[in-house]
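Q: Could you take a close look at one part of this protein with me? I would like to see how one pair of strands fits into its surroundings.

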Amino acid sequence: VAGDIERLGYQDIAVMNLAGHAKYIKGGGEFDSWGEFWYEDGFKGELAISDVAISKVTKEPVVFDVAPIKSNGQVLGLLVGRRDPTFLNDTTNAMGDGKRQYGFVVNENGAMMAHPDDQMILDQVNVFDDIEKDGTWKSFGLALKELGPQSTGMMTYTVNGATKIGTTAPIPGTKWTLIIAQYEDDVLAPI
């Protein structure tokens, strides 16, 4: 497995026992689960993906893929793959030109999971927090709350003085919403 870690797109892969203690295969770092939902889902026998979280080993923002290790239908432990938090950007950036039309992903709590600007993920920007702080993403946060996270639909919102139209859809198997954003001027130009 050690030789496949990078090929599979991971920084490292850990094996976690049923007590929640894990050790990385490549780097040897160890950590314990604190009851995060992605580990709990894994212990229930489900595949899971985390939100952007701070690694207890690297102290950097990461995303974890979790898969149960089973024998005869019984969970014996977990495989935990640690990824760079910007891993989704290749996919979302292909959903337009990355400037005037692009995709991004927000979790059910309003945290950015993918965005063409990597700093949004690394800074753990939260659109719902911006509502309270009158921040850059306040208009989007209000529009998403009105539509409902993990809903399919359309919204209009303003970011940095530019009005945008977003179409939304839930991402199956996650608690995330994909948004395809485009400047309103570009959408209305042919009219």
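A: Happy to! In this predicted model, strand β11, residues 162-171, runs antiparallel to strand β12, residues 176-183, and 8 bridges join the two. To find your place along the pair, look for Gly166, which stands opposite Ala181 in β12.

Now step outwards to the sheet around them. The pair belongs to an open sheet of 5 strands, ordered β9-β8-β12-β11-β10, with antiparallel pairing. In that order, β12 sits between β8 and β11, while β11 sits between β12 and β10. The edges are taken by β9 (112-114) and β10 (153-159); each has a single partner strand, so one side of each is left without a neighbour in the sheet. On average, neighbouring strands of this sheet are turned by 35 degrees against each other, with direction ignored. As a reminder, strands of a sheet pair through backbone hydrogen bonds, either parallel or antiparallel.

A helix joins the picture as well. Helix α5, residues 138-147, lies across β11 and β12, and also across β8 (101-107) and β10. Relative to β10, α5 runs at about 160 degrees.

Finally, here is the wider setting. The protein contains 6 helices and 12 strands, and its C-alpha trace spans about 60 × 30 × 30 Å along the principal axes. Of its 191 residues, 45% count as buried. Among contacts between residues at least 6 apart in sequence, 37% join residues at least 24 apart. The accessible surface comes to about 9800 Å², and 50% of that belongs to carbon and sulfur atoms.

Notes:
Residues numbered from 1 in each chain as written. Predicted model: local features only at pLDDT ≥ 70, side-chain atom pairs only at ≥ 80, totals over all residues. Heavy atoms only, no water. Helix = DSSP H or I, 4+ residues; strand = E, 2+ residues; numbered from the N terminus. Buried < 20%, exposed > 50% of the residue type's maximum accessible area, 1.4 Å probe, protein only. Contact = heavy atoms within 4.5 Å. Areas by Shrake-Rupley, 256 points an atom, 1.4 Å probe, with all protein chains shown as cover. Pairing = 2+ DSSP bridges. Axes fitted to C-alpha atoms, helices over the stretch in contact; angles between N-to-C directions.
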